[in-house]
Amino acid sequence: YERANTTTNYGTDNVPINSGVIMSGNEYPTNDPLVQRLIVLDFFKNEFSDEERQNFQKLKELNGKGITSVLGQILQFRNEIESEFENIFAHEVKCFAKIIRDKNITSTERMLQSYSMILTVYQIISPLLPIPIKYDELNGFLTEKIKNHSERRSVQGDVQSFWDSVLVMARKGKIHDGIDFKIKQENEIAIKFSYVYQSYLEHHQTIYRKQGLDASTLIEKLKGWHGFIRHDSNCRFKDGNTSAYIFKYDQCNIDLHHVINDRHT
């Protein structure tokens, strides 16, 4: 990475990039330059089969003993990666770009290159190591991930600020469970948008120090979000049936259950 140095001799500082970084957390970043530099693996699942629990336990036991041997197996082929990377990378970027273009996935060049890098390394080391996944499987997985990544990047900031505002409003008692919103047992949350919107505008200004989106723009972003399910013109609430928008609750990144339980105790 090169950057201008304006403090001494107006030359250029060369900053070596020696490694990638793995970040894990419960909040999705909103800084777009950072988001573009990520390979995003979302994880929303909270119910697991017996087989999945057993496999996770095996992974924990393996991790407890150390898994540096896996890295060691890969590092022995460093010369092959250095010599073959450039040509294979150019080919993988071209092929992956065509795939996501054919699927109408909008992506930045930086995102495209990051995901293609994984495919490049796979192509180099798969003939040399017993990797338990096929190229087409990896390609399909990364295609789905960059699709979700692109969709979330395009709407995530505004959509997440809406849900964060919903959480704040619920905590302050400005909106109420069963009246303004309702969480269904099948992992769905129903929102009376017309009731919630005015409070959203007020609290968005308080939280983010800027005006929230107009109603039509916010609705379009919510409907284009991967967590949107449907519009229900006759949704049942405590005060009667009315129009509501239905979303996947586990995609909202907020804990309304805790707020509801606090109010009931």
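**Loops, hairpins and an aromatic cluster in a predicted model**

Asn104 sits in the loop that connects helix 4 (78-102) with helix 5 (109-125). The model is a predicted one, and this loop residue makes a handy way in. The phi angle of Asn104 is near 60°, which is a positive value in a residue other than glycine. With a relative accessible area of 69%, over the 50% mark, Asn104 counts as exposed. Another asparagine tells a related story further along the chain. Phi of Asn253 is likewise positive, near 60°, and again the residue is not a glycine. Asn253 belongs to the loop between strand 6 and helix 9 (256-264). Here the relative accessible area is 27%, so Asn253 falls into the partly exposed class.

Stepping back to the whole chain, the secondary structure adds up to nine helices and six strands. The protein chain is more spread out than a compact globule, because its radius of gyration of 23 Å is well over the 18 Å that the globule rule gives for 265 residues. Taken along the principal axes, the box filled by the C-alpha atoms is roughly 70 × 60 × 40 Å. Buried residues make up 34% of the 265 in the chain. The exposed surface comes to about 17,400 Å², and carbon and sulfur atoms supply 50% of that area. As for contacts between residues at least 6 apart in sequence, 63% of them join residues at least 24 apart.

At the start of the chain, Glu2 is found in strand 1 (residues 2-4). Glu2 is exposed, its relative accessible area being 59%. Leaving aside residues up to four places away in sequence, Glu2 touches Thr12, Asp13 and Asn14. For Glu2 and Thr12, ten residues apart in sequence, the C-alpha to C-alpha distance is 6.5 Å.

Two hairpins come next. Strand 3 (residues 181-184) and strand 4 (residues 188-191) run antiparallel and are joined by four bridges. Within this pairing, Lys182 has Ala190 of strand 4 opposite it. Three residues separate the two strands of the hairpin, and Asn187 in the turn shows a positive phi of about 65°. The other hairpin is built from strand 5 and strand 6, with two residues between them. Strand 5 (residues 228-237) pairs with strand 6 (residues 240-248) in the antiparallel sense, this time over seven bridges. One of the matched positions is Arg230, whose bridge partner in strand 6 is Ile246.

Phe237, in strand 5 (residues 228-237), has lysines over its ring. Lys182 lies over the face of Phe237 at 5.6 Å from the ring centre. Lys192 also lies over the face of Phe237, at 4.8 Å from the ring centre.

Aromatic rings get plenty of company in this model: the count of aromatic pairs is 13. One of them is the pair of Phe162 and Phe193, with ring centres 6.5 Å apart and planes at 35°; the pair is tilted, because that angle is neither under 30 degrees, as stacking would need, nor over 60, as edge-to-face would. Phe162 comes from helix 6 (residues 135-171) and Phe193 from helix 7 (residues 193-208), so the pair ties together parts that are 31 residues apart in sequence. Both rings belong to buried residues: Phe162 has a relative accessible area of 0%, while Phe193 counts as buried at 10%.

Phe228 and Phe247 make up an edge-to-face pair, 5.7 Å from centre to centre and with 65° between the planes. Since Phe228 lies in strand 5 and Phe247 in strand 6, this pair ties together parts that are 19 residues apart in sequence. Phe228 and Phe247 are buried too. The aromatic pair therefore joins two strands that also pair through bridges.

These rings belong to a wider group. Ring pairs link Phe162, Trp163, Phe193, Tyr197, Tyr200, Trp225, Phe228, Tyr245 and Phe247 into a cluster. Among its members are Phe162 and Phe193, which come from helix 6 and helix 7, as well as Phe228 and Phe247, which come from strand 5 and strand 6.

Terms used:
Residues numbered from 1 in each chain as written. Predicted model: local features only at pLDDT ≥ 70, side-chain atom pairs only at ≥ 80, totals over all residues. Heavy atoms only, no water. Pairing = 2+ DSSP bridges. Phe/Tyr/Trp six-rings, centres within 6.5 Å; stacked < 30°, edge-to-face > 60°. Buried < 20%, exposed > 50% of the residue type's maximum accessible area, 1.4 Å probe, protein only. Lys NZ or Arg CZ within 6 Å of the ring centre and 35° of its normal. Rg over C-alpha atoms; globule rule 2.2 N^0.38 Å. Contact = heavy atoms within 4.5 Å. Areas by Shrake-Rupley, 256 points an atom, 1.4 Å probe, with all protein chains shown as cover.
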